[in-house]
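These are my notebook entries on a single structure. I set out what I looked up, entry by entry.

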Amino acid sequence: MSTKQTIAIIGATGNMGSAIAKSLSKTNNRLLLFARHFDKVQALVEEIKKGNASAEAEAVECPTNASWEADIIILALPYADEKEIAAKIKDVANQKILISISNPLNETYSALVTAADTSAGEQLQQLLPNSKVVKAFNTVFAADFANTIIDGKQVDTLIAGNDTQALETVSELARSIDLNPLVAGELPWSRTLENMALLLIQLTMKYNYNWVAGWKVLHN
């Protein structure tokens with residue numbers, strides 16, 4: 001992105017959180033990284049700076065403080081943990097872009113636990129009504145952030161949200177880390193995107209894609 005942003009990643013030491021953090025550390029953005037175990041966040045920051053001494057990445061001990069400082073908040077959390085964190089950051093996330101990457105999977109990754117008429121993205125918007133929730137990166141595996149070209153094709157990340165400017169900002173963020181953003185539509189499209197993630201997981205396990213796989217829309 002040409003404009004420098006402060007980005008909070010909540011859940012930064014998980015597979016997805018750390019992959020996103022490492023990828024974004026190569027951009028001109030400032031990163032505020034939080035996870036439950038502060039020592040692991042510090043280790044992640046050290047790893048990032050070892051690979052890129054000029055990276056602006058900081059370990060923070062409070063998700064509320066990180067979100068208060070941030071322009072963009074990425075919840076890199078399991079679906080089951082989002083409600084707790086949403087309550088902690090609600091008052092400081094007003095009018096901010098909040099990226100939901102979670103997929104509401106059951107324990108065997110065989111189905112979604114949400115009803116057909118809702119999604120994790122829509123539920124997060126209900127929890128944070130004054131934030132600009134954007135569904136993004138949920139159809140991308142963690143390994144894809146370091147391998148954005150698979151079989152000669154750039155990995156797509158599908159995006160959904162209700163705020164046009166927020167969608168453009170998140171699209172620019174995706175481009176800055178070499179993913180190809182495709183805006184599916186408003187936030188109810190999260191239902192389809194979360195089902196696409198479920199399908200990709202099922203295909204990966206069935207055909208042994210080694211968790212390096214992604215969606216690509218082919219067109220003229």
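**Entry 1: the sheet**

I began with strand 4 and strand 5 (residues 97-100), which pair in the parallel sense over four bridges. The model is a predicted one. Within this pairing I looked up Ile74 and found Ile99 as its bridge partner in strand 5. I then followed the chain between the two strands: strand 4, helix 4 and strand 5 form a β-α-β unit that is right-handed.

On its other side I traced strand 4 to strand 1, to which it is joined by four bridges, the two running parallel. Here Ala8 has Ile73 of strand 4 as its bridge partner. Strand 1 also pairs with strand 2, again in the parallel sense, over five bridges. For Ile9 I noted Leu33 as the bridge partner in strand 2.

I next asked in what order the strands of the open sheet are arranged. The order is 3-2-1-4-5-6-9-10, an open sheet of eight strands with mixed pairing. Strand 3 and strand 10 (180-185) are the edge strands, each of them pairing on one side only. Between neighbouring strands of this sheet the average turn is 25 degrees, direction ignored.

**Entry 2: helices on the sheet**

I looked up which strands helix 2 touches. Helix 2 packs on the sheet with contacts to strand 2 and strand 3, and its direction makes about 165 degrees with that of strand 3. Helix 7 lies across strand 6 (132-135), strand 9 (156-161) and strand 10. Its angle to strand 9 is about 150 degrees.

In helix 7 (residues 190-207) I examined Thr204. Is Thr204 buried or exposed? Thr204 has a relative accessible area of 3% and is therefore buried. Leaving aside neighbours within four places in sequence, I found Thr204 in contact with Phe141, Tyr209, Asn210, Trp211 and Ala213.

**Entry 3: nonpolar cores**

I returned to strand 4 (residues 72-75) to see which way its side chains point. Ile72 and Ile74 point one way, Ile73 and Leu75 the other way, and all are buried.

The largest nonpolar core has 37 residues, of which Ile9, Leu33, Ile99 and Phe137 touch the most other members. I listed the elements that each supply at least two residues of this core: strand 1, helix 1 (15-24), strand 2, helix 2, strand 4, strand 5 and helix 6 (164-176). I then looked up the contacts of Leu33, leaving aside its neighbours within four places in sequence. Among them are Ile9, Ala12, Ala21, Val41, Leu44, Val45 and Ile48. Ala57, Glu58, Ala59 and Val60 are also in contact with Leu33.

A second, separate core holds 20 residues, including Ala8, Ile10, Leu75 and Ile85.

**Entry 4: salt bridges**

How many salt bridges does a search of the whole structure find? The search finds eleven; I recorded three of the pairs in detail.

Lys4 and Glu56 meet through their side chains in a salt bridge, at 2.3 Å from N to O. Lys4 lies in the segment before strand 1 (6-10) and Glu56 in strand 3 (residues 56-59), so this pair ties together parts that are 52 residues apart in sequence. Lys4 is partly exposed, at 43% relative accessibility, and Glu56 is partly exposed as well, with a relative accessible area of 35%.

The second pair is Arg30 with Glu69, a side-chain salt bridge of 3.0 Å, N to O. Arg30 belongs to strand 2 (residues 30-34) and Glu69 to helix 3 (residues 63-69); the pair links distant parts of the chain, 39 residues apart. I checked burial as well: Arg30 counts as buried at 19% relative accessibility, the cut-off being under 20%. Glu69 has a relative accessible area of 35% and is partly exposed.

The third pair is Arg36 with Glu84, whose closest N and O atoms are 3.2 Å apart. Arg36 sits in the loop between strand 2 and helix 2 (38-51) and Glu84 in helix 4 (residues 82-89), so the salt bridge ties together parts 48 residues apart in sequence. Arg36 is exposed, with a relative accessible area of 56%, whereas Glu84, at 36%, is partly exposed. Lastly I noted a network: Arg30, Glu58 and Glu69 are joined by salt bridges that share partners.

Notes:
Residues are numbered from 1 along each chain as its sequence is written. This is a predicted model: local features need pLDDT of at least 70, side-chain atom pairs count only at pLDDT 80 or more; totals for chains, interfaces and linings use all residues. Side-chain values use heavy atoms; hydrogens and water are left out. A salt bridge is a side-chain nitrogen of Lys or Arg within 4 Å of a carboxyl oxygen of Asp or Glu. Buried means under 20% relative accessible area, exposed over 50%, partly exposed in between (1.4 Å probe, protein chains only). Contact means heavy atoms within 4.5 Å. Two strands pair if DSSP finds at least two bridges between them. Axes are lines fitted to C-alpha atoms, for helices over the stretch in contact, and angles run from 0 to 180 degrees between N-to-C directions. A crossover is right-handed if, with the strands pointing away from the viewer, the path from the first strand over the helix to the second runs clockwise. A nonpolar core is a set of buried Ala, Val, Leu, Ile, Met, Phe, Trp, Tyr and Cys residues joined through side-chain atoms within 4.5 Å.
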